[in-house]
Amino acid sequence: MSEQRGPLPRRYARYYLEQTPSLVWLLVVNAVAMLVGVRFYVETMPEVSTFLWPLYADSPAALFLMTLSVATLLPFLGKSLDEVPLTVPLAYLHTIALVWLVKMGLWTVVALNIGFDAYFPAPWAYFGIIITHLGFVAEGLLVPHYARTTKGALVTALVLALANDVLDYGFGYHPPLRYDPGVVLPLATVALSVLSVGIVWRLLPMQVPSKKTA
């Protein structure tokens with residue numbers, strides 16, 4: 001595995017993912033951020049079927065998937081990232097997690113700027129939320145250092161992302177907004193679904209099929 005994998009130098013990935021304290025802190029930060037994100041949805045969640053909560057609470061869902069992805073490294077603490085096993089089920093998990101993380105990080109920036117007047121210049125409602133969600137994308141740069149993808153995983157991630165868009169804007173389950181999404185935000189969201197899969201396709205190396213993982 002090469003020392004450079006995507007925009008993030010591999011030495012930083014090794015620091016965060018190979019050492020017990022840093023990996024545990026990363027998981028704790030994700031868990032806390034997930035709870036903070038859920039709080040944003042609490043008031044409106046009673047109006048949504050419990051079974052749809054994972055699809056309705058988009059940002060917490062992205063953090064949950066990323067937490068699962070990173071948690072797969074726990075059994076290999078103290079070992080090199082080069083020794084982490086690469087399997088097809090893990091390729092699906094890592095791919096979907098990264099697509100959700102990138103999409104929701106970028107979606108928040110787009111959504112708040114489409115409804116700019118409703119959010120700016122509030123310190124938290126605009127700047128705070130944008131900065132924290134761009135952190136999603138930054139954290140996602142760790143994934144290429146321990147993950148692979150497959151064509152099937154990319155297609156599945158795209159289908160799931162587009163299905164979520166239909167649920168959000170076709171059935172009104174999009175995250176709470178201070179403005180009517182109209183037509184612009186749904187179209188932008190669909191474009192972001194495609195873009196996010198494209199970004200993940202570029203970031204994650206393809207897993208080479210074998211008799212054991214085909």
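**Exercise 1. The two sides of α8**

Which exposed residues does the face of α8 turned away from its buried side carry? Work it out on this predicted model, starting from the length of the helix.

*Solution.*

Step 1. Begin with the ruler. The 20 residues of α8 should span 28 Å at 1.5 Å a residue, and the end C-alpha atoms are 28 Å apart, which agrees.

Step 2. List what is hidden. The buried residues of α8 are Ala153, Leu154, Ala157, Ala161, Asn164, Asp165, Leu167 and Asp168. They cover an arc of only 165° around the axis, which puts them on the same side of α8.

Step 3. Recall the helix rule. An α-helix has 3.6 residues a turn, so residues three or four places apart point the same way.

Step 4. Turn to the other face. Lys151, Val155, Val159 and Gly170 are the exposed residues on the face of α8 turned away from its buried side.

Step 5. Find the partners and the end. The buried residues of α8 pack against α3, α4, α5 and α9 (184–203). After α8 comes Gly172, with a positive phi near 80°.

**Exercise 2. The same treatment for α2**

Find which residues of α2 are buried, and which are exposed on its other side.

*Solution.*

Step 1. Check the length. α2 has 22 residues and reaches 32 Å from its first C-alpha to its last, close to the 32 Å expected at 1.5 Å a residue.

Step 2. Pick out the buried set. In α2 this is Ser22, Leu23, Leu26, Leu27, Asn30, Met34, Gly37 and Tyr41. Seen down the axis, the buried residues of α2 fall within an arc of 135°, so they line one face of the helix.

Step 3. Look at the opposite side. There, Pro21, Trp25, Leu35 and Arg39 are exposed.

Step 4. Ask what lies over the buried face. The cover of the buried residues of α2 includes α1 (10–18), α3, α4 and α7.

**Exercise 3. The largest pocket**

Describe the largest pocket by its volume, its lining and the helices that build the lining.

*Solution.*

Step 1. Take the volume. About 650 Å³ of space lies in the largest pocket.

Step 2. Locate the centre. The pocket has 28 lining residues, and the closest to its centre are Gly37, Trp124, Thr132, His133 and Phe136.

Step 3. Assign the lining to helices. α2 (20–41), α4 (58–71), α5 (88–114) and α7 (123–140) each supply at least two residues. α2 gives the most, with 10 residues.

Step 4. Sort by class. The lining of the largest pocket holds 19 nonpolar, seven polar and two charged residues.

**Exercise 4. The second largest pocket**

Now do the same for the second largest pocket: which residues line it?

*Solution.*

Step 1. Take the volume, which is about 210 Å³.

Step 2. Name the lining. The second largest pocket is lined by Met34, Pro54, Leu55, Pro60, Ala61, Phe64, Leu65, Ile96, Trp100, Leu160 and Asn164.

Step 3. Assign the helices. Two or more lining residues come from each of α3 (53–56), α4, α5 and α8 (151–170). The largest share, four residues, comes from α4.

Step 4. Sort by class. The lining of the second largest pocket has 10 nonpolar residues, one polar and no charged.

Step 5. Link back to the helices. Met34 lines this pocket and is among the buried residues of α2. Asn164 also lines the pocket and is among the buried residues of α8.

**Exercise 5. Three residues to place**

For Lys103, Val109 and Thr67, decide whether each is buried or partly exposed, and find its contacts beyond four places in sequence.

*Solution.*

Step 1. Lys103 is in helix α5. Lys103 has a relative accessibility of 3%, so it counts as buried. Beyond its sequence neighbours, Lys103 is in contact with Ala161, Asn164, Asp165, Thr189, Leu192, Ser193 and Ser196.

Step 2. Val109 is in helix α5 as well. With a relative accessible area of 22%, Val109 is partly exposed, as buried requires under 20%. Val109 is in contact with Ile130 and Leu134, leaving aside neighbours within four places.

Step 3. Thr67 is in helix α4 and counts as buried at 16% relative accessibility. With neighbours within four places left aside, Thr67 is in contact with Leu27 and Asn30. Both Leu27 and Asn30 are among the buried residues of α2.

Technical notes
Residues are numbered from 1 along each chain as its sequence is written. This is a predicted model: local features need pLDDT of at least 70, side-chain atom pairs count only at pLDDT 80 or more; totals for chains, interfaces and linings use all residues. Side-chain values use heavy atoms; hydrogens and water are left out. On a 1 Å grid over the protein atoms alone, a cavity is a set of points where a 1.4 Å probe fits but cannot get out, and a pocket is an open set with protein on both sides within 12 Å along at least five of seven lines; lining residues have an atom within 4 Å of a point. Grid points are joined across faces, edges and corners, and a volume is the space filled by probe spheres set on the points. Ala, Val, Leu, Ile, Met, Phe, Trp, Tyr, Cys and Pro count as nonpolar, Asp, Glu, Lys and Arg as charged, and the others, Gly among them, as polar. The expected span of a helix is 1.5 Å times one less than its number of residues. Buried means under 20% relative accessible area, exposed over 50%, partly exposed in between (1.4 Å probe, protein chains only). The arc is that of the directions from the helix axis to the C-beta atoms. Contact means heavy atoms within 4.5 Å.
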